[in-house]
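Q: Could you take a close look at one part of this model for me? I would like to hear about the place where the two chains meet, with some background on the partner chain.

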Amino acid sequence: MRRVLPPVLFGLLALVLWEVLVTAGRVAPFILPAPSAIGAQIVEQRGNIGDAALASGANALVGLIGGTLLAVCAALAASRSTLLGDVSIPFAAVINALPIIALAPILNNMFESTSSVPRRLVTGIVVFFPVFLNLLRGLREVSPVHQELMRTYAASGWTFARKVRLPGALPHLFTGLRQASSLAVIAAVVAEYFGGLQDGLGARITSAAAFTAYPRAWAFVAGACLLGLTFYLVTLLLERLAMPWKRNLIS
Amino acid sequence: MRRLLAGVAGLATAVLVWEGYKAVGAPEGTVVFGVRVLPRADDLSMPHLWTVLRRLAGPEMTGGRPVWLVVLDACLFTLGITAAGFLAGTVIGLVLATAMQRFRIVERGLLPYVVLSQTVPLVALAPLIAGWGGTLMPPWATVAVIAAYLAFFPVAVGMLRGLQSPSASGVELMRSYAAGWWRTLVKLRFPAALPYLFPALRLAGAAAVVGAVVGEISTGTRGGIGRLIIEYSREATSDPAKVYTAMLGAALLGLLVAGLVSLLELPLMRHRRHVEVVTL
Amino acid sequence: MSAPANSDPDVVPTSGPADTASVVVGNVTKIFNQGRSDEVPALSDVDLTVGSGEFVSLIGPSGCGKSTLLRLIADLIEPTSGTVTVAGRPAAQARREQEYGIAFQQAGLLEWRTVRRNVELPLELRGVGRAERRARAEEMLELVGLADFAGHYPGQLSGGMQQRVAIARALAVQPPLLLMDEPFGALDEMTRERLQSELLGICAKTGTSTVFVTHSISEAVFLSDRVVVMSARPGRIRASIAVELPSRDEAGRQAPVYFEKITEVRQALRS
């Protein structure tokens with residue numbers, strides 16, 4: 001209760017303040033619509049919001065799964081050799097600092113801009129790097145005690161990987177996935193600003209803004225927030241299920 | 001040295017993959033069950049790398065300025081916006097972190113929202129913030145707002161971790177010196193937070209670049225590299241190499257910002273341990 | 001304190017005739033980074049024999065190579081020259097045949113496995129069947145007094161309890177030889193003394209030979225049949241002091257001979 005109450009109170013306070021500020025201050029809706037106006041739009045547009053969220057969610061999910069699978073394979077391969085890891089980590093870290101999302105228009109040219117492939121591909125690429133980087137770091141980071149212990153057991157390389165290296169890297173994998181899950185939704189939504197097929201939340205937001213229907217645009221933003229939150233929370237849930245030893249530690 | 005080697009090796013691999021796929025890939029791509037799973041390999045979709053380089057030297061339009069100059073100009077314009085957003089985001093992040101460290105109640109009430117702000121794609125707000133341009137602020141500043149929005153988060157979370165990193169014995173030592181909250185902050189917490197701050201700043205720099213590029217596109221701000229990517233991609237059918245020159249510019253901008261932020265920490269971090277900052 | 005009584009025949013001594021040596025270290029020299037500018041001579045001309053069922057402690061200042069010597073016996077590193085024999089076989093073969101159990105200063109438990117599954121790990125790697133593994137692990141946990149914690153994760157245990165799990169894990173394969181590298185080093189004095197008594201009880205019951213690295217004089221004297229004192233740079237054996245206490249319990253800790261031996265070891269370390 002003590003953990004939940006402050007944020008809830010804080011959120012309510014912020015909403016009330018927002019409402020008062022907008023109505024009393026006569027703020028034009030194109031600057032900031034009132035929460036009540038946005039709420040009304042959410043109720044009115046719930047069908048459209050749901051459809052668009054489903055489209056964007058599917059793109060994000062496909063990209064997330066594809067990018068993660070690829071990243072896991074790549075990290076496993078790169079962890080086999082010290083040199084490969086030493087070279088690929090800084091390189092991937094640099095690429096991760098680039099605005100990958102700007103690849104969207106190029107991918108629209110390379111594939112049909114009328115299919116979902118470009119958006120999913122951008123999402124996959126964006127997802128790839130945090131998962132790859134975190135997992136590879138985890139795979140390379142083995143406690144010396146465990147290393148010696150497995151040597152005293154005369155354990156083979158494969159046994160070592162299965163019993164120590166892989167489970168030990170699991171927390172790192174989930175660190176990467178947590179970041180990737182919210183990035184996936186952001187990428188799937190924002191990729192639509194760059195053109196291509198326009199059936200997701202991103203396109204709805206831009207078109208509503210273009211028609212100066214600002215409360216409606218904000219309603220779609222709220223839908224995007226909900227989608228992002230869902231992805232993040234599901235990842236957290238998976239993390240707790242996959243690593244029971246961490247959960248017991250907290251309780 | 002190692003990083004340089006890594007960069008060269010990675011680039012060489014990328015070039016090989018690109019030209020290699022162009023050599024063996026089907027010009028119309030590979031379609032499985034009606035879905036194109038491999039991209040088109042024709043010159044229109046994937047121009048040769050040397051074509052792109054040659055395009056950099058050529059004029060933007062007949063008789064216009066050379067493309068490389070235009071791209072560089074756009075990069076500098078976006079760099080300015082990124083810097084403004086980065087600075088604003090960093091200041092906001094530092095203030096938030098300090099406030100959260102000082103008052104438990106602020107941390108408990110605010111931190112969930114700070115984390116929430118990044119798990120939800122509020123960048124989606126970009127087209128709406130565009131409305132502020134020209135009334136509340138000049139149009140370029142709306143892009144800086146978006147960049148700042150993305151940049152403040154790693155700083156706030158990383159700095160909070162850093163400010164909370166001193167051990168209880170360190171805090172008690174300061175207490176035994178009768179040092180107040182402010183002196184403890186300056187003498188103990190800030191120095192202890194530096195190893196956390198700099199990795200956070202690097203994340204913030206990268207986030208500010210993404211924010212600036214996306215922001216330019218969705219607010220329709222002219223003059224920057226994000227806008228250039230969109231403009232050039234519309235000419236892709238007649239001049240396919242052009243959009244790639246803009247992409248190179250965006251990559252250059254990302255590298256430039258990452259390099260500049262890394263320079264910041266050089267004098268301060270020479271004898272310090274390095275920690276990893278996990279923000280989400 | 002004593003470990004819970006256990007009359008299971010599996011835990012009776014498995015070693016051979018009493019006169020065969022468990023460990024023979026012959027004229028061993030170890031130089032790290034040999035031939036490079038940062039060459040470090042760690043051990044020089046070390047001879048050591050550990051009899052079957054004997055408890056030998058290695059003590060000395062930091063850098064005297066006592067941990068290095070233990071790692072040589074465990075075949076975690078190889079000697080520059082000289083031979084190491086464990087149970088009559090070369091150290092490498094003895095390691096592959098799992099002739100010893102080992103415990104380090106850090107417990108080194110796998111945090112994602114429950115306490116029982118941690119103890120089962122060496123049995124698992126030897127291909128022991130599931131039911132037997134489980135039975136043996138529970139027996140070992142009983143021995144170190146942690147039977148009630150079998151389903152817990154290491155993160156839920158205190159440092160002392162984790163160390164006891166590590167010892168149970170080392171004992172699980174019922175090795176004829178136990179190697180311990182400052183296993184109680186990070187524990188508080190109370191826990192330490194309790195675990196020392198438990199360890200002695202276990203060793204007496206199972207008849208294992210033990211090589212025990214420590215930097216505590218009182219610990220070495222209390223536990224050992226023989227205390228081997230080493231000196232540093234390069235590591236050498238300076239003295240080998242036989243210890244015979246009237247009993248290894250609270251009364252033993254009060255006996256005059258206990259204090260005499262402590263003085264003797266201290267003087268050997270000083271000279």
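A: Happy to help; here is a walk through the contact between the chains, followed by a look at chain B. Please keep in mind that this is a predicted model.

Let us start with the contact itself. On one side stand 48 residues of chain A, in contact with 53 residues of chain B. Several helices of chain A build its side: α1 (5–24), α4 (82–96), α5 (104–110), α8 (157–190), α9 (201–210) and α10 (214–242) each give at least two residues to it. The largest share belongs to α10(A), with nine residues. As for chemistry, the side of chain A that touches chain B holds 37 nonpolar residues, eight polar ones and three charged ones.

Now for the partner. Chain B has 10 helices and two strands. Read from the N terminus, its elements run α-β-β-α-α-α-α-α-α-α-α-α, which places both strands right after the opening helix. Of the 280 residues in chain B, 41% are buried. If you take contacts in chain B between residues at least 6 apart in sequence, 73% of them join residues at least 24 apart.

Chain B is also divided into domain 1 (1–45) and domain 2 (47–265). The C-alpha centres of these two domains of chain B lie 29 Å apart. Where they meet, six residues of domain 1 of chain B are in contact with five residues of domain 2 of chain B. The domain 1 side of that contact in chain B has three nonpolar and three charged residues, with no polar ones.

Technical notes. Residues numbered from 1 in each chain as written. Chains lettered and ligands numbered in written order. Predicted model: local features only at pLDDT ≥ 70, side-chain atom pairs only at ≥ 80, totals over all residues. Contact = placed C-beta atoms within 7 Å. Helix = DSSP H or I, 4+ residues; strand = E, 2+ residues; numbered from the N terminus. Nonpolar A, V, L, I, M, F, W, Y, C, P; charged D, E, K, R; others polar. Domains from an automatic or database assignment. Buried ≥ 20, exposed ≤ 12 C-beta atoms within 10 Å, placed from the backbone.
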